Structure formats: C-alpha cells, structure tokens
Amino acid sequence: MLVEEQTKATERIKWWQEAKFGMFIHWGLYATLAKGEWVMAASKIPVKEYEQFATQFNPKEFNAKEWVGVAKRAGMKYIVITAKHHDGFAMYHSKVEKFNIVDATPFGRDPMKELAEECQKQGIKLCFYYSHVIDWHHPHSVHEYYNNTWDYNLEEKAFYNYWHNLAKPQIQELLTQYGDIGLLWFDTAGGLSKKDSKELVEFVRSFQPNCLINSRVSHWPNIGDYQSKGDNEIPMYGEDSGPWETPMTLNQSWGYSDRDQVWKTPESIIRKMVNIVSKGGNLLLNVGPTAEGIIPEKSVEVLEQAGEWIERNGEAIYGTNASPFPYELEWGAVTIKPSRMYLHVNNEKWSDQLKLFGLKNKVVKAYLLADSEKRSLPITQSYTESIDHHVLGIDLPKDAPDQYISIIVLELEGNAQVDDQFMQQVSGSVNLDLVHAETAVEKNEKTAKWDFKITQPGAFDVVLVNFKKINTVWEDHYHEEVKVHIAGQGLKTIPQEDQLIKDSPACQYPYSEVHSILGRVHLHDSGNNSLALTCNKIQEKAFGTEIWQAEAVKLRSIKLVPIDKK
Ligand code: FHN
C-alpha cells in the first residue's frame, strides 16, 4: 500500500479502534418464524411461501430510541444492523426491490431511517450488514455453497444479473439514503472473484470514502479495512497484527430463536470483552429482536449489567492498546495507554499480592481504578541480571474493589516496555501459543519450536491445548502420535481428551477447550530452554474466517504445568 493510502486507512479506522465495543443486530423477516436467520434454507421454504410472511410482519413495538438507548447503556459505541440478510428481504425502503419492509409489509415504516436519526441524536455510529453474495430470494445470486436450489436451477443462474441489478444498487441506496455510515459489514463472500471484491470496495468508497469495510467482503486476503474473525472466534495474543473484531452471539443464535435460552452472563461478557480488548480487538456483540420489534428482555438485562461495569472501568477499555505480553496472563489481562498499564485482575485470582513478571519500566505509582482518591498501593520492583528477570509486586487490599474484574492502574516512567520472551508465569506454568512458534515441515512431519525462560525449575506435566467443535469425534483428528522434545527428554503419545476446561476466556460455543496430558518432564535449571512439538495438526494459518471453514479441532498451544502447583 502506498504511504498516502496507508495514512488514509489509519485515519479512517481510528474511531473504530478506539470504540472497542459494538452492537450487532440480526433482525429480518425470519424473526416471524422465531427459528434463527437460516430458517428459509434450513426448511427449504419456497420463495413464494416465504414472501407471504411479509404480509404478517408488523413490528409495531420497534422503537429506535429504545434500541439505541440499550446500546448506549451497554457501553457500545456503534451499531451494525442487518439491512439485508441471506433471505434477501431488505429491512429498509429499497427502490430497486419491492421485497422490503416498507413495500411488502403492513408495517410500512423504514426502521433504518428511524435508527439513522436516533443514532445521530444519541451520538452512536450506524453501520449496515449486507449479505452481498448469498441471497435466497433472487434467482441469480450465486454462492460457492449456499444457494437456493429448491426454487432455482443453479445452471440457469447468471450471477452478474444479481450483482448489477440488485446487490450494487442496494449497497448504493444504503450509502446514499441514511447519512454517514460507519461501516459496511459484508458476509459470506464465497465464490466472489478478487476483481469483483476489489471493485466493490472502490464502489463503496466512491459514495463514502470514510466508510469502513470488513474483511468478509472477500475471501481473498487483505481486502477491506479490518479482519472479522470467525463467528465467536477469539484469537491468541499477537495473532493479528492489524485491526480485528470478534462477532459474538449473546446466546447461541444470531436471528431471534424462541428455543435458544442459553444466555451468556454479564460476567462472561465482561471477561470475553476484556480478553478481546487486551488482544487489540473489538467485540461486536449480537442481539436478535423479535418479530414485534423487541430486543429480548434477557439480552437487555445482560447488556445493561455488563454496561454498568464498563461505565466504571471505561478508562481501561476505550482508546487503549493491546497488551505487550505475547501470552495470556493467568490472573487476567492487560491494556495500555501512553505511560500507563491497566491490570485487569479476575476477582477469583485476587490475593494480598499480585506479581507481574517482565515489566521493564519503573512504576511511578500503582492504584485501584475503583478508588476515586487514587491512593498509592505499596509496590516492590526487582531485577535479577543472571536470568534477565524483572518482577513487580503490588500489595492489594483484602477485597477486590469491583465486580467480576478489578483494575489496577500503573503509572509508568515512559511507555510500557516488556520482556516479550515466553516465560514462566507466577504459578510456575509456561504457555506456548502455536501462533508464536517457529514452524517447519520435514519429511511430512510438522514441527513447532519455542524458546522460553524458566525461573522456577522443577517437574512439569506437558499439556496440549485444543479447541474442539461440538459433536466432533476426537479420534478422527488425533490418531497419530505427537512428539515433544525438551531439555534432552522426549515424549511420544497419542493425545487423549483428558480435561474439559469450563469458562476459558477465549473459547466458546460451538467449541470447548480440551487439555491432553502428554507426559512429565523435569527442568533442572533456571534460564533459557526450548521445546519442540511434532504433530500433524500444526498449521501455518490456524483458522478460517467463517465457521464452516474453521477446523473441527484447532491446536492452540502447549503448556508446562508444575506438578506440585496444579
Ligand atoms: O451465515 C451468517 C450467519 O447467519 C450470521 O449472519 C453470521 C454473523 O457473523 N455470519 C454468517 C456466518 O458466518
């Protein structure tokens, strides 16, 4: 990218990177069936029959002021709403297609117009989701996999008929009838050529040069302003160098489903948000309003409670940068600002002293974010030259001062500088993430290698960490031996599903975190060490961007767990 273009791109995305938290809204004609947004395809509902649902769609309870108010109270800074999902029904007044909420329903109002006005009033950015490739209503839309084959014959489809007569004109409408749009959220681009994807980006920019575009505009890499991770996917520390987001469900569905009552708690929302923000990402959290136009009560309750925590702790969230540590910290997470570090401590890890390894700066002052008087907490800082090891100790009051996660502010001399080597954490464990390994393939064997620092030698269990998708048969993925070499010792075993980890901050439905204990090793000395793992699940790029492309078992990391401290 040219320097000038790069500067423009950096400027364009600034607001979004500071915002951190947005509301995703999946709302469409499918809400009348209350079985999620894929109901048309799942039940192969013929277009003519599906169109009939519009005649009963009358969301009289829709109130833009209330919806925007919920987002505001939750601490969200932008809203991304489905202007058209895969069912092809436009939730705004489209002039190019009558299958829209104004022309085809008794409701007759344009909710996007009302939202645009309200967002403007309440100071929140309005953004649109537009399903640009999948459209089950149009006879000519063509996706790589997900087409309406129950009404239309694939061989008779002429993609450019759809593209030029519906998709692009509707995108133009969205960019010209609703004022400034924060971003266009495209989805499921399977089959769209690189040329068409790039032209679409130019097309959007020609109407609104500052409108952001997510990476799902294309399946080709590096198109769009930022990376949308897979649905509900939270990456590892340092996995993404550019801007990224996790689109996440509040229960297990996007569009309204009356059967789905598996709600995340305010606490898990806060933990996941803190984890995401500390990795430099944004959280786009979904609600699925009903056919009456109501955001489900339970969603509102969870969001408002999470919002109260965010309001108290916003200083450590909005406008921050990612943790400089390349690994998950066992007591919580870190965010930074110039000359400042925020330690987000999980309340169940709260004790009389918190230790942080690897911070090189002098700490000028430490205090609790919850303490309006900013009283100094006692600190000690030490450095052991022989193993190049920095240790900060902070004495804490007996009780954690906030709900769920309590924050300690560190005022630093200069901007945060840390030892970015992998190293043993305070509990004695070492987490080695796959994304930071040096990988090699030799004679069909894939090997990952890490260097790390040991400060408390001893005996360790070697644990393989995987995320496993629901209903996956483990043995289909792990039926060969994996090998580990460390400090002159070797382990060879077929990994088993030894432990299921609940409440992993970065793992969620439809995945669960599974640990396999590979064996035991002894590290006798402090200082530098290295570990090599040979395993056929090692990949250069671990994840796809959409859920059906992602692997059923994802190898995430390898851990050394001290045996006397488990
Ligand atoms: O198929 C869609 C799905 O319905 C939903 O809109 C999600 C949101 O990220 N995107 C697609 C699947 O990845």
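## A viewer tour: cavities, ligand, sheet

Start with the empty space: the count comes to 2 cavities of 30 Å³ or more. Keep in mind as you click around that this is a predicted model.

**Stop 1: the largest cavity.** Select Tyr327, Leu329, Glu330, Trp331, Lys355, Leu356, Phe357, Met423, Gln424, Gln425 and Val426, and you have the lining of the largest cavity. The volume inside is about 80 Å³. Which strand gives the most to this lining? Colour residues 353-357 and you'll see: strand 11 gives the most, with 3 residues. Now colour the lining by class, and you should get 7 nonpolar, 2 polar and 2 charged residues.

**Stop 2: the second largest cavity.** Here the volume is about 60 Å³. The lining has 12 residues, and the closest to the centre of the cavity are Asn232, Glu233, Gln508, Tyr511 and Lys554, so put those five up as sticks. By class, the lining of this second largest cavity splits into 7 nonpolar, 2 polar and 3 charged residues.

**Stop 3: a cis proline.** Go to proline 510, in the loop between strand 23 (499-501) and strand 24 (511-523). Is the peptide bond from tyrosine 509 to proline 510 cis or trans? It is cis, with omega near 10 degrees.

**Stop 4: the ligand.** Centre on the ligand and show the 14 residues around it; His26, Glu37, His86, Asp187 and Asp231 come nearest. The class colours give 6 nonpolar, 4 polar and 4 charged residues in this shell. Then draw some distances from ligand oxygen atoms to polar side-chain atoms:

- Glutamate 37: a polar side-chain atom lies 2.5 Å from a ligand oxygen.
- Tryptophan 38: an N or O atom of the side chain is 2.9 Å from a ligand oxygen.
- Arginine 216: a polar side-chain atom sits 3.2 Å from a ligand oxygen.

How much of the ligand does the protein bury? Taken alone, the ligand exposes 330 Å², and the protein buries 98% of that.

**Stop 5: the parallel sheet.** Switch to cartoon and pick out the open sheet of 8 strands, where the pairing is parallel and the order reads 5-4-3-2-1-8-7-6. Why do strand 5 and strand 6 each have one side without a neighbour in the sheet? Strand 5 (212-213) and strand 6 (227-228) stand at the edges with a single partner strand each, so one side of each is left free of a neighbour there.

Next, select strand 1 (residues 21-25) together with strand 8 (residues 281-287): the two run parallel and are joined by 5 bridges. For one pair to label, take isoleucine 25, whose bridge partner in strand 8 is valine 287.

**Last stop: the lead-in to strand 1.** Step back along the chain to lysine 20, which lies in the loop between helix 1 (3-19) and strand 1. Is its phi positive or negative? Lysine 20 has a positive phi of about 65 degrees, although this residue is not a glycine.

Notes:
Residues are numbered from 1 along each chain as its sequence is written. This is a predicted model: local features need pLDDT of at least 70, side-chain atom pairs count only at pLDDT 80 or more; totals for chains, interfaces and linings use all residues. Side-chain values use heavy atoms; hydrogens and water are left out. A residue is near a molecule or strand if one of its heavy atoms lies within 4 Å of it. A polar contact is a pair of N or O atoms within 3.5 Å; within protein, one must be able to donate a hydrogen and the other to accept it, and residues adjacent in sequence count only if both atoms are side-chain atoms. Accessible areas come from the Shrake-Rupley method with a 1.4 Å probe; for residues, only the protein chains shown count as cover. Ala, Val, Leu, Ile, Met, Phe, Trp, Tyr, Cys and Pro count as nonpolar, Asp, Glu, Lys and Arg as charged, and the others, Gly among them, as polar. On a 1 Å grid over the protein atoms alone, a cavity is a set of points where a 1.4 Å probe fits but cannot get out, and a pocket is an open set with protein on both sides within 12 Å along at least five of seven lines; lining residues have an atom within 4 Å of a point. Grid points are joined across faces, edges and corners, and a volume is the space filled by probe spheres set on the points. Helices (H or I, at least four residues) and strands (E, at least two) are DSSP runs, numbered from the N terminus. Two strands pair if DSSP finds at least two bridges between them.
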